Amino acid sequence: MFSSRSLITRPSAASIHAMSLGSRGPWRKVKVIGKGAFGSAYLVQRTGRPDERKFVMKEVPLRGLPPREVSAAKNEVAALKRLEHKHIVAYEDAIVVDETL
């Protein structure tokens with residue numbers, strides 16, 4: 001039997017916000033870090049991993065885009081894969097889930 005001093009606590013506003021962001025494939029969204037005309041950028045962590053490394057994920061909805069814009073989004077991914085710059089640590093992955101790149 002639980003006493004009035006049980007271990008049940010209310011989640012913080014930050015944890016509720018993080019849970020509401022959901023996930024995309026193997027990535028759990030931690031927080032929104034930017035929004036633009038073609039998508040949003042999120043701070044993310046890979047689910048099911050013991051480490052706490054964080055990454056940035058850009059999400060671009062492809063549904064309803066003309067084929068030319070879908071191609072441009074995929075070309076951006078290809079360019080990022082090849083990019084080497086002192087302010088970019090590493091390119092990790094690109095996936096399409098539910099018509100979102």
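**View 1. Pro 61 is partly exposed in the loop between strand 4 and helix 2.** The view belongs to a predicted model, in which local features need pLDDT of at least 70, side-chain atom pairs count only at pLDDT 80 or more, and totals for chains, interfaces and linings use all residues. Residues are numbered from 1 along each chain as its sequence is written, and side-chain values use heavy atoms, without hydrogens and water. Pro 61 has a relative accessible area of 46% and is therefore classed as partly exposed, a class between buried (under 20% relative accessible area) and exposed (over 50%), with a 1.4 Å probe and protein chains only. From Pro 61 to Val 97 the C-alpha distance is 9.6 Å, although 36 residues separate the two in sequence.

**View 2. Leu 62 is a buried residue in the loop that joins strand 4 to helix 2.** Leu 62 counts as buried because its relative accessibility is 10%. Its C-alpha atom is separated by 9.9 Å from that of Val 97, while the two residues lie 35 residues apart along the chain. Val 97 thus reappears here as a distance partner, having also been paired with Pro 61.

**View 3. The chain holds two helices and four strands.** These elements are DSSP runs numbered from the N terminus: helices are H or I with at least four residues, and strands are E with at least two. Read from the N terminus on, their order is α-β-β-β-β-α. The chain has 101 residues, and buried residues make up 24% of them.

**View 4. Lys 29 and Glu 59 form a salt bridge between two strands.** A salt bridge is a side-chain nitrogen of Lys or Arg within 4 Å of a carboxyl oxygen of Asp or Glu; the structure holds two of these. Side chains of opposite charge can pair when their charged atoms come close. Between the side chains of Lys 29 and Glu 59, the N to O distance is 2.9 Å. Lys 29 belongs to strand 2 (residues 27-35) and Glu 59 to strand 4, so that the bridge links distant parts of the chain, 30 residues apart. Both partners are buried: Lys 29 has a relative accessible area of 6%, and Glu 59 has one of 9%. Glu 59 also lies 9.7 Å from Ile 95, C-alpha to C-alpha, across 36 residues of the chain.

**View 5. Glu 76 and Lys 58 form a salt bridge between helix 2 and strand 4.** The closest N and O atoms of Glu 76 and Lys 58 are 2.8 Å apart. Glu 76 stands in helix 2 and Lys 58 in strand 4; with their positions 18 residues apart in the chain, this pair too links distant parts. Glu 76, at 33% relative accessibility, is counted as partly exposed. Lys 58 falls in that class as well, at 45%.

**View 6. Strand 4 (55-59) and helix 2 contribute to the lining of the largest pocket.** The largest pocket has a volume of about 770 Å³. Its lining comprises 24 residues, and those closest to the pocket centre are Val 56, Met 57, Lys 58, Tyr 91 and Asp 93. Strand 4 and helix 2 are the elements that each give two or more residues to this lining. The greatest contribution, five residues, comes from strand 4. On a 1 Å grid over the protein atoms alone, a pocket is an open set of points where a 1.4 Å probe fits, with protein on both sides within 12 Å along at least five of seven lines, and lining residues have an atom within 4 Å of a point. Points are joined across faces, edges and corners, and the volume is the space filled by probe spheres set on them.

**View 7. Leu 83 follows helix 2 (67-82).** Leu 83 is found in the segment after that helix. Its relative accessibility of 42% is why Leu 83 counts as partly exposed.
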